[in-house]
Amino acid sequence: MHELLSAEPFFPIADVVEEIAAVSQDTGVPLTAYARSTNGITSSLLLVRDPSRTHGTPGIADCERAAAALAARGTWLSRGQDARSCMLLALGLREGYDPAARVHSPDEVINRVLSKGQVWCGWPAELISARPQPDGPAQVYHEPGVLAFTDFDQMPTLAAIAHDLRQDRFVIHNWLTGWTTAFRRPAGPHGT
């Protein structure tokens, strides 16, 4: 996980999405970025190694090369590898992948965590995925989401919330082990 800070006070999310796509295409590295967001703007970005069924999981060296390419564009300042003593859960707020689908609010997630008597530590984010293509611009998907700093004890609550919000997939980055795991909603009548 690599942290970058905006060289400007704030950076519009739409511009971040375009920049992540351009760097993905230029470097050939499939990128996943989490932009801490408020009202469509951001000032910080986490580049993460996200397992992809179609593009695999980029290596650490590739991620560092992409982070350096982002910093070289002049809009981001590298803070290097971000290491913490917990896990990070990235949870989208759109039900499925249809752009017209319902989008839940960050407050819905936060209130559900708090209603279980648990602590919330996290923030709203734009979840951005860019996959380089051999014959054109990078394929991009992004949606509003939340990032939760958590531990093993809270995972069942967060997984249940992901299910209730009809998430097809959510990702956990475990800083303690160095592993990243993507969880998918089961297919079929019980997963819907």
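**Exercise 1.** In this predicted model, find which residues Thr42 is in contact with, leaving aside its neighbours within four places in sequence.

*Solution.* Start with the place of Thr42: strand S4, residues 41-48. Now list the contacts: Ser6, Phe10, Phe11, Ile13, Val16, Ala35, Arg36, Ser37 and Trp76. Next, pick out Arg36, whose backbone oxygen is reached by the Thr42 side chain at 2.4 Å. Finally, check the accessibility: Thr42 comes out at 1%, so it counts as buried.

**Exercise 2.** Stay in strand S4 and work out whether Leu47 is buried or exposed.

*Solution.* Buried means under 20% relative accessible area. Leu47 has 5%, so it's buried. Then look at what it touches beyond its neighbours within four places in sequence: the contacts include Met1, Leu4, Ile20, Cys63 and Leu70.

**Exercise 3.** Take the salt bridge between Arg73 and Glu19 and say where each partner sits.

*Solution.* First, the distance: the side chains meet at 3.0 Å, N to O. Arg73 is in the loop between helix H2 and strand S5, while Glu19 is in helix H1, 54 residues apart. As for accessibility, Arg73 is partly exposed at 41%, whereas Glu19 is buried at 7%.

**Exercise 4.** Explain why the Asp164 and Arg112 pair ties together parts that are apart in sequence.

*Solution.* Begin with the salt bridge itself: the closest N and O atoms are 3.4 Å apart. Asp164 lies in helix H4 and Arg112 in helix H3, so the bridge ties together parts 52 residues apart in sequence. To finish, compare accessibility: Asp164 is partly exposed at 46%, and Arg112 is partly exposed at 29%.

Methods:
Residues are numbered from 1 along each chain as its sequence is written. This is a predicted model: local features need pLDDT of at least 70, side-chain atom pairs count only at pLDDT 80 or more; totals for chains, interfaces and linings use all residues. Side-chain values use heavy atoms; hydrogens and water are left out. Helices (H or I, at least four residues) and strands (E, at least two) are DSSP runs, numbered from the N terminus. Buried means under 20% relative accessible area, exposed over 50%, partly exposed in between (1.4 Å probe, protein chains only). A polar contact is a pair of N or O atoms within 3.5 Å; within protein, one must be able to donate a hydrogen and the other to accept it, and residues adjacent in sequence count only if both atoms are side-chain atoms. Contact means heavy atoms within 4.5 Å. A salt bridge is a side-chain nitrogen of Lys or Arg within 4 Å of a carboxyl oxygen of Asp or Glu.
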